[in-house]
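Please open your viewer, get the selection tool ready, and follow along stop by stop. At each one you will find something to select and a short note on what is there.

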Amino acid sequence: MTRSVLPTERSLLQGLVIARWASWLWMAGLVVMAWRAEPGSSDRLDHPGAAVSVLTVVAVVNIAFSASVRNRPTRVLDPRFAALELVLAWSLYVADGWVFVDGHVFDSSLALHASWPLVAVLSTAIVHGPIVGAVAGVLVPTGRIVGAVVNGASIGDGDRVLSFASSIVFYAIAGVVIGLIAHRLRDVESEVERRRARDEVARQLHDGVLQTLALVGRRCATTDPELAEVARRSDLELRAWLTSSTAPSHGDADLEQAVRTAVHRAAAPFGLAVSIAVVADEQPSVAAAVADAIAGAIGEAVTNVGKHARVRQAVVFVEVDDDGQVFASVRDEGDGIAPTARHGTGITRSIEGRMHDIGGRMAIVSTPGAGTEVQLWSR
Amino acid sequence: MEQVIRVVLADDHALMRSGIRAELGDGFEVVGEADDAEGAIDVIVARRPDLVVCDLHMPRGGGLAVVQAAATVAPIVILTVSEAERDLLDAVAAGAAGYLLKSTPPDELRTALRRAAGGEPVFSPQLAALVLGEFRRLAKQSGSSPLTDRERGVLQLVARGHSYGAIGSELGISPKTAENHVRNILGKLQLTRRADLVRYAVDHGID
């Protein structure tokens, strides 16, 4: 069975990436300190070369894990990955007994493995569920027993048995709990998906309502202009809602979404009908900062139209070229802006500011009496 | 005095038909009505109107079927509630003269229909953007753009909301030339769609 890594699951794993590196830093710090420990201290290294090798192996696994979560999260799903990690986690306990002088394991409060084994158990539980998490939680701490033996400690007395047992129980519980949480999060996420599908159905239903609104608008245009206006506004609202609640079938979803939201927000107070068209391919996608700046600038330009142009319609056009660069325009057939009044107004300044922030530029082409076009380039 | 334009209305909502009929006023004469695609095709062939106004979603085939069967008889303007639809592009590729939103105000509706009857493509910014996107896809597939740079420029200006007049003055050509570019673009869209169909037929062993 193939499954993908859902966004929430991925954020959990990303959190563990940080924990992995924190553990590694701790381990590295410990090895450096052990190097300088005085003879006779229980924190002195017996096998410094082995300690450095352990650090290296953990760093390599950390790098592999971080890179997988970042670039190809499905790779983390491979059971061999989990097996490798758990074996390494187990070995770290053994290594703690091996690299240090005899007596270290129970005499020192510092341990080479730090919290790395726990992180390994948790990420196994997240990916493979509570049962596998529990098994991993039981098996990994058994390495402690082997480590203690290697370290020359006796493991038979009551306190020590209790200590081993408690880490096994604690790790097993942690594995089960985090596995269940991850499971629950996955369920919630699929529920969100299902809701999205339901919205699609709602869209179909609302097509009927749009038909009716258009009809009301038509029938009442002369007999009851106020009712026709109400219908027209509802039509605009519903249309805006429909386009914002359904994902576009192709192109740059985030940019289009941001533009639609900004335009709707800006146009609603003026009852302005804005036609929005976004032309984009699947790839490449537009940087979030660029999408935000373009959407914000378009929103301000639409507000400008609503305030000054004395029209009821405007056209927004956005095109993303093959390099992910954006051209956008906001055009109305209104009064036009006199060349002298073109710059220095609050709105044009803030549009210009947004474009400058992303290294872009803007231009206003306007003929008094024949409309205005605000043009935006992301570069 | 302008010539009265003979119109066929096709919409499955009788109320919508009567609403449009009332708004068209003196310059238009409704010579036939239909409430489904087959009825519309029959009435268009029988009455040979100057213009057809046709709903996109109707029983028994919808606007697309009407365009496929009768676009050569009279210019067909598609009426729709939503502009961002693939079937709309299909209808235009099949030869529709353009489309109008059902919420278009009466005076605009009349102007647009008069222009469509005169053979001018009724091309909204939304539709131009859809066509622009379609050509980009085609260019990606085949590695070369079916459109000339000039045609692409004209199409983008239409998508930005420019009229043929404004496009003319922007590019230093006459409005008529701008309009002809749009007509050529539509022709190319129809051709590529037809080529797609032929390729599909060959690939699937249909004669």
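**Stop 1: where the two chains meet**

Colour chain A and chain B separately and look at the interface: 4 salt bridges cross it. Keep in mind as you explore that this is a predicted model. To see one of these bridges, select Arg136(B) and Glu319(A), whose side chains come together with 3.0 Å from N to O. On the side of chain A that touches chain B, at least two residues each come from α7 (158-220), α8 (225-245), β1 (273-279), β2 (313-320), β3 (326-332) and β5 (372-377) of chain A. The largest share belongs to α7(A), with 6 residues. If you colour this side of chain A by residue type, you should find 12 nonpolar, 7 polar and 11 charged residues.

How many residues does each chain bring to the contact? Chain A gives 30 and chain B gives 33. Interface size is often expressed as the accessible area that is lost when the parts come together. Here, about 2700 Å² is buried between chain A and chain B, with carbon and sulfur atoms giving 48% of that area. You can also look for polar contacts, since 10 residue pairs between chain A and chain B make them.

**Stop 2: a salt bridge between buried partners**

Now select Arg160(B) and Glu373(A). They form a salt bridge, with their closest N and O atoms 2.6 Å apart. Arg160(B) sits in the loop between α7 and α8 (164-171) of chain B, while Glu373(A) is in strand β5 of chain A, so this pair joins two chains. Are these partners buried or exposed? Arg160(B) is buried, because its relative accessible area is 7%, under the 20% cut-off. Glu373(A) is buried too, with a value of 2%.

**Stop 3: inside chain A**

Hide chain B for a moment and select Glu9(A) and Arg186(A). Their side chains form a salt bridge at 3.0 Å, N to O. Glu9(A) is in helix α1 (residues 7-35) of chain A and Arg186(A) is in helix α7 of chain A, so trace the chain between them: this pair links distant parts, 177 residues apart. Glu9(A) counts as buried at 2% relative accessibility, and Arg186(A) counts as buried at 14%.

Stay with helix α7 of chain A and select Gly217(A), which is found there. Beyond its neighbours within four places in sequence, Gly217(A) is in contact with Ala228(A) and Ala231(A). Try a distance label from Gly217(A) to Leu227(A): they are 10 residues apart in sequence, and 7.4 Å separates their C-alpha atoms.

**Stop 4: the strands of chain B**

Bring chain B back and show it as a cartoon. It has 9 helices and 5 strands, and from the N terminus its elements follow the order β-α-β-α-β-α-β-α-β-α-α-α-α-α. Of the 207 residues in chain B, 52% are buried.

Next, select strand β3 (residues 51-55) of chain B, where 5 of 5 residues are buried. In a regular strand, side chains alternate between the two faces of the sheet. Show the side chains here: Leu51(B), Val53(B) and Asp55(B) point one way, and Val52(B) and Cys54(B) point the other way.

Which strands pair with β3(B)? Strand β1 (residues 5-10) of chain B runs parallel to β3(B) and is joined to it by 4 bridges; Leu9(B) has Val53(B) as its bridge partner. Strand β4 (residues 76-80) of chain B also pairs with β3(B) in the parallel sense, over 4 bridges, and there Asp55(B) stands opposite Leu79(B).

**Stop 5: around Glu120(B)**

For the last stop, select Glu120(B), in the loop between α5 (106-117) and α6 (125-142) of chain B. Glu120(B) counts as buried because its relative accessibility is 16%. Its side chain makes a polar contact with the side chain of Arg115(B) at 2.8 Å. Setting aside neighbours within four places in sequence, the contacts of Glu120(B) include Tyr164(B), Glu179(B) and Arg183(B).

Select Glu179(B) and Arg183(B) as well, because they form a salt bridge of their own, with the closest N and O atoms 2.6 Å apart. Both lie in helix α9 (residues 175-203) of chain B, 4 residues apart, or about one turn of the helix. Glu179(B) counts as buried at 5% relative accessibility, whereas Arg183(B) is partly exposed at 33%.

How values were computed: Residues are numbered from 1 along each chain as its sequence is written. Chains are lettered from A and ligands numbered from 1 in the order in which they are written. This is a predicted model: local features need pLDDT of at least 70, side-chain atom pairs count only at pLDDT 80 or more; totals for chains, interfaces and linings use all residues. Side-chain values use heavy atoms; hydrogens and water are left out. Contact means heavy atoms within 4.5 Å. Buried area is the accessible area (1.4 Å probe) that two parts lose on being put together, summed over both. A polar contact is a pair of N or O atoms within 3.5 Å; within protein, one must be able to donate a hydrogen and the other to accept it, and residues adjacent in sequence count only if both atoms are side-chain atoms. Ala, Val, Leu, Ile, Met, Phe, Trp, Tyr, Cys and Pro count as nonpolar, Asp, Glu, Lys and Arg as charged, and the others, Gly among them, as polar. Buried means under 20% relative accessible area, exposed over 50%, partly exposed in between (1.4 Å probe, protein chains only). Two strands pair if DSSP finds at least two bridges between them.
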